[in-house]
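Here is a friendly walk through the structure shown below. Keep the viewer open and follow along residue by residue.

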Amino acid sequence: MIVRIMGEGQVELDDVHFAELNRLDDELLAEIQGGDHDGFRRTLAALLDAVRRLGQPLPDDALQPSELILPGPDATLEEVEQMLSDDGLIPN
């Protein structure tokens, strides 16, 4: 799956890693719904770090459609809240 982190680029990520990403996404959703800004910031960083760690960056000149778009590390709770579906950022 091709994942885009806004402002950073694309990463190719194997589907086997989505259980870990979904766990972090569920935490992020709960923190957004609870207005927990500190928890949100911590979990967003952990989610993006996991994508970077588990995936392979695509070259900047590789333009492939992204199947998943994640906010950048400087996104606010309110900005991410607008990106959410009922499942969070990552569809289950």
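Asp 49 and Arg 52 form a salt bridge, with their closest N and O atoms 2.7 Å apart. The two residues sit three places apart in helix α2, so about one helical turn separates them. Asp 49 is partly exposed, because its relative accessible area is 42%. Through shared partners, salt bridges join Glu 8, Asp 49 and Arg 52 into one network. Please keep in mind that this is a predicted model.

**The salt bridges**

How many salt bridges does a search of the whole structure find? The search finds four. Three of these pairs can be looked up here:

| Pair | Closest N to O distance |
|---|---|
| Asp 49 and Arg 52 | 2.7 Å |
| Glu 8 and Arg 52 | 2.6 Å |
| Arg 23 and Glu 27 | 2.9 Å |

Take the pair of Glu 8 and Arg 52, which meet in a salt bridge. Glu 8 is found in the loop between β1 and β2, whereas Arg 52 belongs to helix α2, so this salt bridge ties together parts that are 44 residues apart in sequence. Glu 8 is partly exposed, with a relative accessible area of 38%. Arg 52 is also partly exposed, at 32%.

Arg 23 and Glu 27 make their salt bridge within one helix: they are four residues apart in α1, so about one helical turn lies between them. Arg 23 has a relative accessible area of 44% and is therefore partly exposed. Glu 27, with 32%, is partly exposed as well.

**Around Pro 73**

Glu 8 and Arg 52 turn up again when you look at Pro 73. This proline lies in the loop between β4 and α3. Is Pro 73 buried, partly exposed or exposed? Its relative accessibility is 42%, so Pro 73 counts as partly exposed. Setting aside residues up to four places away in sequence, Pro 73 touches Glu 8, Arg 41, Leu 44, Leu 48 and Arg 52. Pro 73 and Ile 5 are 68 residues apart in sequence, and their C-alpha atoms are 8.5 Å apart in space.

**The nonpolar core**

Now turn to the inside of the protein. The largest nonpolar core has 22 residues, and those with the most contacts inside it are Leu 21, Leu 28, Leu 47, Leu 70 and Ile 90. Which elements give two or more residues to this core? They are β1 (2–5), α1 (18–34), α2 (37–54), β4 and α3 (77–83). Helix α2 provides the largest share, six residues.

Leu 21 is a good place to click. Apart from neighbours within four places in sequence, Leu 21 is in contact with Leu 13, Leu 47, Ala 50, Val 51 and Ile 90. Two of these partners, Leu 47 and Ile 90, are also listed among the core residues with the most contacts.

**Two buried polar residues**

Thr 43 is part of helix α2. Its relative accessibility is 5%, so Thr 43 counts as buried. Leaving out neighbours within four places in sequence, Thr 43 is in contact with Leu 24, Glu 27, Leu 28 and Glu 31. Among these partners you will recognise Glu 27, the salt-bridge partner of Arg 23.

Gln 10 is found in strand β2, which covers residues 9–12. The cut-off for burial is 20% relative accessible area, and Gln 10 has 7%, so this glutamine counts as buried. Where does the side chain of Gln 10 reach? It reaches the backbone oxygen of Gln 64, at 2.5 Å. Beyond its neighbours within four places in sequence, Gln 10 has a list of contacts that includes Ile 2, Val 3 and Arg 4, as well as Gln 56, Pro 57 and Leu 58. Also on that list are Ala 62, Leu 63, Gln 64, Pro 65 and Ser 66.

**A nonpolar patch on the surface**

Last, look at the outside. Met 6, Ile 69 and Met 83 form a nonpolar patch on the surface, and together they have about 250 Å² of accessible area. Ile 69 lies in strand β4, residues 68–70. With 42% relative accessibility, Ile 69 counts as partly exposed. Strand β4 also appears among the elements that give two or more residues to the largest nonpolar core.

Technical notes:
Residues numbered from 1 in each chain as written. Predicted model: local features only at pLDDT ≥ 70, side-chain atom pairs only at ≥ 80, totals over all residues. Heavy atoms only, no water. Patch = residues over 30% accessible without salt bridge, like charges linked within 9 Å, V, L, I, M, F, W, Y side chains within 5 Å. Areas by Shrake-Rupley, 256 points an atom, 1.4 Å probe, with all protein chains shown as cover. Salt bridge = Lys/Arg side-chain N within 4 Å of Asp/Glu carboxyl O. Buried < 20%, exposed > 50% of the residue type's maximum accessible area, 1.4 Å probe, protein only. Polar contact = N/O pair within 3.5 Å; in protein donor to acceptor, adjacent residues only side chain to side chain. Contact = heavy atoms within 4.5 Å. Core = buried A, V, L, I, M, F, W, Y, C linked by side-chain atoms within 4.5 Å.
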